[in-house]
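User: Hello! I would like to learn how to read a few features of a protein structure. Could you walk me through them?

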Amino acid sequence: SVDLHYLLRSNWSTYAQYGRGQNIPPTSVFDVKNAAVGTPPSPIVSDTFQVGTVWKSSRATLDMDVYRIWLQSDYSSTFDPVTGDTNYFQNGANVTKGVEAESTVLLGGGLALYLNGTAGSSRYTNSGLWLQNAPSDTETVGITYNMGSWNMGVFDKRVGRMFNDNISIRSEEHTSELQSRFGISYAVFCL
């Protein structure tokens, strides 16, 4: 991976990042009875590129970025009735791209307002069809409290429209969450 940063001012920087990685498929992908796998799966490869900016003051932070991720898709399988083997193949590469912005503003008395939003798309490179369950946008609004060794936050998260099968659209989802320093988390999911 490569990571470049440039300081525009003492409180404002820009950056560019590139990373290439691979993910070995979980054994559930190829762990079949009697190890009868005709074609063992190869690692899934990804390329990620991101450009952004970060600004900070004594009372607020703001960062924005644009990103593009190329990813070989997960595996599907087919059973060969002649050999009795299970053959695995990748579904096809996809590209996820979009923009993201995030900010925290200190309100005073240990309270802070947290905001985050994304907008993007995830499509297969060979057909241009949407990836299943990839949201078109996400938003989070939260209030955090931090005083001494205590901290707590309440967040409302929204996940925008998602495509179920490249044609139909699943409606947005909301999640409300209460988090604390002690690992206590409470979430309410609303469809």
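Analyst: Gladly! Keep in mind that this is a predicted model. Let's start at the surface: a residue counts as exposed over 50% relative accessible area. L4 has 56% relative accessibility, so L4 counts as exposed. L4 is found in strand β1.

User: Which nonpolar patch on the surface does L4 form part of?

Analyst: L4 joins V2, Y18, F49, V51, V66 and V99 in a nonpolar patch, with about 590 Å² of accessible area together. Strands β1 (2-9) and β4 (44-56) each supply at least two residues of the patch.

User: And is D137 buried or exposed?

Analyst: The general idea is that buried means under 20% relative accessible area. D137 has 17%, so D137 is buried. You will find D137 in strand β10, which covers residues 137-147.

User: What does D137 touch?

Analyst: Leaving aside neighbours within four places in sequence, D137 is in contact with T118, A119, R158, V159, G160 and R161. The side chain of D137 also makes a polar contact with the side chain of S136, at 2.7 Å.

User: Now for aromatic rings: how many aromatic pairs does the structure hold?

Analyst: There is one aromatic pair. It is formed by Y114 and F155, with 6.0 Å centre to centre and 80° between the planes. Planes over 60 degrees apart count as edge-to-face, so this pair is edge-to-face.

User: Where do the two rings sit in the chain?

Analyst: Y114 lies in strand β9 (residues 111-124) and F155 in strand β11 (residues 150-159). They are 41 residues apart, and the pair links distant parts of the chain. Both Y114 and F155 are buried.

Key
Residues numbered from 1 in each chain as written. Predicted model: local features only at pLDDT ≥ 70, side-chain atom pairs only at ≥ 80, totals over all residues. Heavy atoms only, no water. Phe/Tyr/Trp six-rings, centres within 6.5 Å; stacked < 30°, edge-to-face > 60°. Helix = DSSP H or I, 4+ residues; strand = E, 2+ residues; numbered from the N terminus. Buried < 20%, exposed > 50% of the residue type's maximum accessible area, 1.4 Å probe, protein only. Polar contact = N/O pair within 3.5 Å; in protein donor to acceptor, adjacent residues only side chain to side chain. Contact = heavy atoms within 4.5 Å. Patch = residues over 30% accessible without salt bridge, like charges linked within 9 Å, V, L, I, M, F, W, Y side chains within 5 Å. Areas by Shrake-Rupley, 256 points an atom, 1.4 Å probe, with all protein chains shown as cover. Salt bridge = Lys/Arg side-chain N within 4 Å of Asp/Glu carboxyl O.
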